[in-house]
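Reader: I should like to take a close look at one part of a protein model. Please place that part within the whole.

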Amino acid sequence: MAVSSLLRRCLNSPTISSLRSLSTQCFVRRTASLSVPTEPPPVPKKIPLSVTSHGVFTRQDPYRWMRKTDDRDFLEHLRGENSYAQAFMSDTETLRRDLVSEMKTRIPEEILTPPERWGQWLYRQYIPRGKEYPLLCRRLDNVEEEVVVLDWNHIAQQFGYVHVGVCRVSPDHNYLAYTVDPKGDERFLLQIKDLRSGCLVPRLEVDGVVSLAWDLDGVNLFYTLVDEHQRPHRVVVTNVESDGRDDTVVFSESDPSFCVDITSTKDGKFVTINSNSRTSSEVYIVNADKPLAGLRRARERVPGVQCFLEHHNGFFYILTNAPTDEWSGEGYYLTRCLVEDVESSQWQVVFCPDDDVVIQDMDMFNDYLVFFLSKKGSPMICSIDMPMEANTKHMEDLNPWYFPLPADSCSVAPGSNHDFQSSVYRVVLSSPVIPDTIIDYDVSRRSFSIVHQEGRVTDDLDDSSTPWYSADHSLDSGVPKWEELSDAYVCESQQVSSHDGVEVPLTVLYSREAWKKSESPGILIGYGAYGEALDKSWCTNRLSMLDRGWVIAFADVRGGGGGGDFSWHKSGTGSFKVNSVQDFIYCAKYLMDKGYVHRHRLAAIGHSAGALLPAAAMNIHPSLFQAAILKVPFVDVLNTLSDSNLPLTLLDHEEFGNPNIQTDFRSILGYSPYDNIRRDVCYPSMLVTASFHDSRVGVWEGAKWVAKIRESTCHDCSRAVILKTNMSGGHFGEGGRYAQCEETAFDYAFLIKVMGYHKNR
């Protein structure tokens, strides 16, 4: 079956017939003021290649050669693309300087966060005046002088790049173990620092380290190592006072679809070795006071069953979704067993959540257990006193205390909360209109206080001395006054009916003063993969667009975590992945139909797996968006999922499907953006970014996409498609707080240029 026939089936969908009224006029001609370089964009070589799958499906891939990233022609092509992108954006230099200036003015010169207690120590992070990156500092409770534990700025100077993976302080606070990615390919080096001397422990260099956990005495360190495909597959124990020559392997995972992660229980008494696929898990337990005494397996792995384990006073408490007589739902419920009975099948059910509540995570302490919950898509947190009784039918029977949260939609993230004995639980709240706010919840008193709120804003951007917000610590009947910006900015939560009638959450953000109904331009952002919630937390950089009259909208499409239950993720995976794309399309149409944005002034942004959404949507309806930004985009889906040598391929078969299975192949071929680009059609203006050392999404994916777009689509429109490659960074970029302003300003300037909408602040 040819690709075109599969595409035609998509084109006959209700989505397209309902959107055909949109203009298909050439984008470049529609925006008369848009200037493009006089020199044409670079044209890469083509090496003819036919790929036949399952003996039936044949497709052409003349840019497959870009997979060889050491090819001189490829390197030269990327440099040529960077030059073209620079030339295309040359007329935005003043605009970019203005945007960067605005963004930097909103950033406090020194960023401080309140300390968190851990035993007799107080730890905190802060960014000093004029620095890009944070410092981790500590001091004893009764001592004023702080000591720097780790300086990200020093690491940046050492390697010219900074990406710290994990940091773990030993239980006795004598050592810091951390991992550093020196060039962006996510092969992390293990570093161990003696906090008493302030010096690194001399030892053999170990790279490919992912996760860390200490034994009870703080002398032995567990770490995981990756294989040749960057899959964490092995657990090693090292004595930190040795040179590393006698490190001992204690566990290896042979199944290539499983990754190994290690962590300590909150009380430090056990180390758990967790072998996980995308949908299944198996847990092994090590006594933290006997790191080399062997493992115990909590329960044999079962497809589709996951377990997450904590310890309290002789019992293991386990979140699991294993089917039982009491539970047939898709989410997690809480069980427990005696430590000595962990290998038996006789786990006691503590409670199962109500039908409209999903347990997302738990955090154990000596006197209480914290649950992170979702109820109909809204976050909740509660604590339950420990110890608790088993065989409780409902959580409410355990007298939970629900932490007060803002009424508006917000994201909730835990603080570090290392101290097992603490009665205070720290949380960071944020929303599109609520700056990051640190709350301390005193579980023993069932009270709380706002201890910090991020940022500042002034009416005069030149006045950097005026505080933006000051947290209001006063309580009115137990409810704090949440400092927000709802007087200046509107944040609305809408429900959009998708192609099959399912309601999709859509969050819409705009300025009360600058927004113009049916006239304003807008940006639609989506992700929709791995069950991850779309990040809608506070971001000061967005104000530069909002104040210019732009609308910013967030589509919580299926496949992500925004629907409130596990079925929301599943209904956007595998053969149902097209639901994610259709949800995105219908959210775009909703913004136009309801007058949030001008019908021809909507852009789309997608990052990594989220870039699949706008890319696939463009293939289905090229005139839906006038512009798009695809950042490190996962767009060559079919070829990537067919290459088992790439790091994430085998894991991603559970998320997107396995092309070696013919039914999955058909499904993936139906939406894979690279394989469905339409010929001789006007496509939106595009900014595509890539990173040369990216180990998650190959640098060639964006390059192949741009090359095929230029080859296949409208010649005039494709002149406004640019590729910008970071030749030294990885998947997550490399910039600190000021460098991020530069990157965001480039993105926003691109949109302002190609959309032809430049309204002053």
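Reader: What radius of gyration does the protein have, and what would a compact globule with 761 residues have? Within that frame, where does D355 lie?

Author: This is a predicted model, in which local features need pLDDT of at least 70 and side-chain atom pairs count only at pLDDT 80 or more, while totals for chains, interfaces and linings use all residues. Residues are numbered from 1 along each chain as its sequence is written, and side-chain values use heavy atoms, without hydrogens and water.

The radius of gyration, taken over C-alpha atoms, is 26 Å, which agrees with the value near 27 Å for a compact globule with 761 residues. The globule rule is 2.2 Å times the number of residues to the power 0.38. Along the principal axes, the C-alpha atoms fill a box of roughly 70 × 65 × 55 Å. Of the 761 residues, 58% count as buried, that is, under 20% relative accessible area with a 1.4 Å probe and protein chains only; exposed means over 50%, and partly exposed lies in between.

The protein has 16 helices and 41 strands, which are DSSP runs numbered from the N terminus: H or I of at least four residues for helices, E of at least two for strands. D355 lies in the loop between strand 23 (348-351) and strand 24 (357-364). D355 is exposed, because its relative accessible area is 84%.

On the surface, D355 gathers with D354, E396 and D397 in a patch of negative charge. Such a patch joins like charges within 9 Å, using residues with over 30% relative accessible area and no salt bridge, a salt bridge being a side-chain nitrogen of Lys or Arg within 4 Å of a carboxyl oxygen of Asp or Glu. The place of a charge is CG for Asp and CD for Glu.

Conventions: Patch = residues over 30% accessible without salt bridge, like charges linked within 9 Å, V, L, I, M, F, W, Y side chains within 5 Å. Areas by Shrake-Rupley, 256 points an atom, 1.4 Å probe, with all protein chains shown as cover. Lys, Arg positive; Asp, Glu negative; His and termini not counted.
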